[in-house]
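This report goes through selected backbone and packing features of one chain. Please keep the sequence and the 3D view open while reading.

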Amino acid sequence: TSGDFDVNNFIMSKAALKFPGIGVLSEESPDQFNPEEFQKILIVDPIDGTRWYKDGGEIWSINLALVENNEIRSAVIFQPDLSVITFTEKGLGAFCQKGGKVTQIRTNPESDLSKVKVGIGTIFTEANSQDEISKLAQQLFIQSRGLNIMESSGCELAFIARGVSISAYIHPYAKPWDKAAGMLIIDEAGGVATGWPGKNALFENGVLAASTLALYDKISELVT
């Protein structure tokens, strides 16, 4: 949408002024990007959940992650329609600003898969990815309290970090801009978030996240 490009252009212009020479990897300009060429990288999703945004819904976010030497150092997930900002800096914990108040956040401590809901994501327009996620979803549906499909990785990862609604998330095809910010926020909130098993955590597709290590291990067994 035009909104995606407007937000992207705004962020790109601000990044160029504040961080001269930084590499910017954005959903709207990912072509021929080589992360090895930059010491610092800003990973951007201008609008994560474009369908929600386009239809006038509230479940969409702006995701920003600052990477230095292949390590995520800080992250922000901004949900404009909800006036919620979830953010972190590595080693300092995770926080949420809502209603003008900033509070430290922690993931849900529940580790029993049968007592929690799991978010799932995929590329719903592609038959192969639909087939793969349907097989994973079947097992998760049986063993969990239920499944959620929000189609905004940023929102879903932020909800896990805040202990809201879902306690785990899988998306075999999540791009760096979908997942990078949420991965650090979940880690700093006490959960576990990685790339898809067997793939580079940042620059290859896929994310697996959970509110506890035990829950992560259980879901990892199911998807590998």
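## Two loop residues with positive phi

Glu151 sits in the loop that connects strand E9 (146–148) to helix H4 (153–162). This is a predicted model, and in it Glu151 has a positive phi of about 60° without being a glycine. Its relative accessibility is 49%, so Glu151 counts as partly exposed; the exposed class begins over 50%.

On the other side of H4, the loop leading to strand E10 (168–171) holds Ser165. Ser165 is likewise not a glycine, and its phi is positive at about 70°. With a relative accessibility of 43%, Ser165 also counts as partly exposed.

## Helix H5

Helix H5 covers residues 176–188, which is 13 residues. From first to last C-alpha H5 reaches 18 Å, close to the 18 Å expected at 1.5 Å a residue.

How many of the 13 residues of H5 are buried? Twelve are, so H5 is largely enclosed by the rest of the structure. Among the buried residues are the hydrophobic-lettered positions Trp177, Met183, Leu184, Ile185 and Ile186, and the list also includes Asp178, Lys179 and Glu188. Just after H5 comes Gly190, with a positive phi of about 105°.

## The seven-stranded sheet

Seven strands make up an open sheet with mixed pairing, in the order E1-E2-E3-E4-E5-E6-E7. Which strands stand at the edges? They are E1 (23–26) and E7 (101–104); each has a single partner strand, so one side of each is left without a neighbour in the sheet. On average, neighbouring strands of this sheet are turned by 15° against each other, direction ignored.

At the E1 edge, the partner is strand E2 (residues 40–48). E1 and E2 run parallel and are joined by four bridges. Leu25 has Ile43 in E2 as its bridge partner.

## Helices across the sheet

Two helices can be placed against these strands. Helix H1 (residues 2–18) lies across E1, E2 and strand E3 (61–68). The direction of H1 is at about 155° to E2.

H4, the helix that follows the loop of Glu151, lies across E2, E3, strand E4 (71–79), strand E5 (84–89) and strand E6 (94–98). H4 runs at about 100° to E4. E2 and E3 thus appear in the contacts of both H1 and H4.

Key. Residues are numbered from 1 along each chain as its sequence is written. This is a predicted model: local features need pLDDT of at least 70, side-chain atom pairs count only at pLDDT 80 or more; totals for chains, interfaces and linings use all residues. Side-chain values use heavy atoms; hydrogens and water are left out. Buried means under 20% relative accessible area, exposed over 50%, partly exposed in between (1.4 Å probe, protein chains only). The expected span of a helix is 1.5 Å times one less than its number of residues. Two strands pair if DSSP finds at least two bridges between them. Axes are lines fitted to C-alpha atoms, for helices over the stretch in contact, and angles run from 0 to 180 degrees between N-to-C directions. Contact means heavy atoms within 4.5 Å.
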